[in-house]
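Biologist: Please take me through this structure by explaining why each term is applied to it. I should like every answer to set a value against its cut-off.

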Amino acid sequence: MAEQLSITNEYCKSYLPEGALGRSSGNKLNLQSRKAFEEAASRGVILESTCLMCDCTTMQLSVDLPDGIRGIISKDEACFVPNGTSSGGEIKDIAIITRVGKPVQFKVTNISENQRGETVATLSRRAAQVECYRKYLSTLTPGDIIPARITHLEPFGAFCDIGCGIISLLTVDKVSVSRISHPADRFKPGEFIYAVVSSVEDGRIYLSHRELLGTWEENAAAFAPGQTVTGIIRSVEDYGVFVELSPNLAGLAELYDGATPGQCCSVYIKSIIPERMKIKLVLIDTCGEAEAAPCRYYVDTDKVRHIDRWLYSPVGCKKTVETVFCDGVASVAGMM
């Protein structure tokens with residue numbers, strides 16, 4: 001996935017999530033020597049390297065650069081915080097400290113010699129983010145498909161880097177049609193994914209993900225009555241056990257002793273009923289804790305950059321489940 005994000009998406013290749021640009025051949029060439037670095041700096045190229053240290057007295061970051069060059073990012077240049085946000089434009093120390101050991105993107109604002117004869121490059125992560133926001137992120141509208149990288153997970157959602165370290169939120173209810181209790185059921189920190197812009201509110205971009213994981217029919221086509229397959233128990237109710245067959249497809253099995261959410265299991269498929277969007281299962285056995293697996297996308301993310309509407313429910317089904325993307329926000333109808 002990382003290679004796809006950094007190579008095939010030409011429309012946003014200049015403003016990738018942190019961690020993707022560093023894999024590109026262009027970035028490697030720009031950091032292979034002092035001469036190449038200085039030439040890239042003169043062109044105003046956004047570069048990526050690893051943050052080595054944070055001076056917790058000044059909140060200054062040190063960045064790995066070629067040929068002994070000292071790369072310095074001051075606190076004020078560590079990140080872009082738009083005015084009017086809840087932080088009031090203030091950069092929080094934790095946002096700086098947590099960059100240590102991780103890739104950072106930046107622009108070079110100055111190269112000079114200090115009194116000890118060392119070459120010091122003054123860097124600005126903020127400048128890279130401002131450019132990314134103005135030239136790329138501010139042009140996005142609901143329905144646009146973009147690359148992202150999971151930065152950290154909370155019970156309510158996944159925080160994603162959508163370009164140069166700028167963070168967006170993917171709420172847990174928009175991760176997949178199959179309901180999960182925590183984003184960790186689907187993602188891992190550092191994972192590259194694709195997402196859909198769900199809404200743009202006061203300059204903030206919010207994401208969705210389920211629209212890329214296929215319709216009910218697309219997912220159900222992989223299964224047939226009479227098969228015994230693996231699944232993941234997602235919830236246990238008084239009337240049965242919901243088992244996820246794929247991230248956008250779940251079926252209902254009868255109650256089973258010892259069934260616990262998060263367990264991997266084997267199930268027998270009794271019937272598939274498209275007109276009711278129902279799959280009836282028999283739970284055969286449980287087999288340990290399930291692990292998050294890479295999601296399969298049913299949209300060609302190399303070619304499709306925008307969707308206006310996503311219809312999950314099959315044709316002829318009495319219940320309509322869809323997402324309609326329009327200016328401002330995505331309108332969701334009948335989500336399960």
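Modeller: The discussion that follows takes up pairing strands, buried residues and salt bridges in turn. Please keep in mind that this is a predicted model.

Biologist: What makes strand β7 and strand β8 a pair?

Modeller: Two strands pair if at least two bridges are found between them. Strand β7 (residues 157-161) and strand β8 (residues 167-171) share five bridges in the antiparallel sense, so they satisfy the criterion of at least two bridges. Within this pairing, G157 has T171 of β8 as its bridge partner, and C160 stands opposite S168 in β8.

Biologist: What lies between β7 and β8?

Modeller: The two strands form a hairpin, with five residues between them. In the turn, G163 has a positive phi of about 155 degrees.

Biologist: How do you know that β8 also pairs with strand β10?

Modeller: Two bridges join β8 to β10 (residues 204-208), and the cut-off is at least two bridges, so the criterion is met. These strands run parallel. On this side, L169 has Y206 in β10 as its bridge partner.

Biologist: Which strands make up the closed barrel?

Modeller: The barrel has five strands, in the order β6-β7-β8-β10-β9, and its pairing is mixed. Neighbouring strands of this sheet are turned by 50 degrees against each other on average, direction ignored.

Biologist: Let us turn to single residues. Why is K107 called buried?

Modeller: K107 has a relative accessible area of 18%. Buried means under 20%, so a value of 18% falls within that class. K107 is placed in strand β4 (residues 103-113). Leaving aside neighbours within four places in sequence, K107 is in contact with several residues, among them V45, I46, T122, L123 and A128.

Biologist: What makes the approach of K107 to E131 a polar contact?

Modeller: The side chains of K107 and E131 are joined at 2.7 Å. A polar contact requires N or O atoms within 3.5 Å, so this distance satisfies the limit. In addition, a polar atom of the K107 side chain lies 3.3 Å from the backbone oxygen of G44.

Biologist: Is E18 buried or exposed, and where is it placed?

Modeller: E18 is in the loop between α1 (2-7) and α2 (25-30). The relative accessibility of E18 is 3%, and the limit for buried is under 20%, so E18 counts as buried. Not counting residues up to four places away in sequence, E18 touches residues including E48, P103, V104, R149 and D161.

Biologist: How do you know that E18 and R99 form a salt bridge?

Modeller: The closest N and O atoms of E18 and R99 are 3.1 Å apart. A salt bridge requires a side-chain nitrogen of Lys or Arg within 4 Å of a carboxyl oxygen of Asp or Glu, so the distance of 3.1 Å qualifies. E18 lies in the loop between α1 and α2 and R99 in the loop between α4 (93-97) and β4, so the pair ties together parts that are 81 residues apart in sequence. Both E18 and R99 are buried.

Biologist: Why is the pairing of E18 with R125 also called a salt bridge?

Modeller: Here the closest N and O atoms are 2.9 Å apart, and the limit is within 4 Å, so the term applies. R125 belongs to helix α5 (residues 125-135) and E18 to the loop between α1 and α2, so this pair ties together parts that are 107 residues apart in sequence. R125 has a relative accessibility of 5% and therefore counts as buried.

Biologist: Why are R70 and E118 called partly exposed?

Modeller: Partly exposed covers values between the limits for buried, under 20%, and exposed, over 50%. R70 has a relative accessible area of 31% and E118 one of 28%, so both residues belong to that class. The side chains of R70 and E118 meet in a salt bridge of 3.6 Å, N to O. This pair links distant parts of the chain, with R70 in strand β3 (residues 70-73) and E118 in the loop between β4 and β5 (119-124), 48 residues apart.

Biologist: How many salt bridges does the structure hold, and which residues are joined into one network?

Modeller: The structure holds 13 salt bridges. Salt bridges that share partners join D185, R186, R234 and E244 into one network.

How values were computed. Residues are numbered from 1 along each chain as its sequence is written. This is a predicted model: local features need pLDDT of at least 70, side-chain atom pairs count only at pLDDT 80 or more; totals for chains, interfaces and linings use all residues. Side-chain values use heavy atoms; hydrogens and water are left out. Helices (H or I, at least four residues) and strands (E, at least two) are DSSP runs, numbered from the N terminus. Axes are lines fitted to C-alpha atoms, for helices over the stretch in contact, and angles run from 0 to 180 degrees between N-to-C directions. Buried means under 20% relative accessible area, exposed over 50%, partly exposed in between (1.4 Å probe, protein chains only). A polar contact is a pair of N or O atoms within 3.5 Å; within protein, one must be able to donate a hydrogen and the other to accept it, and residues adjacent in sequence count only if both atoms are side-chain atoms. Contact means heavy atoms within 4.5 Å.
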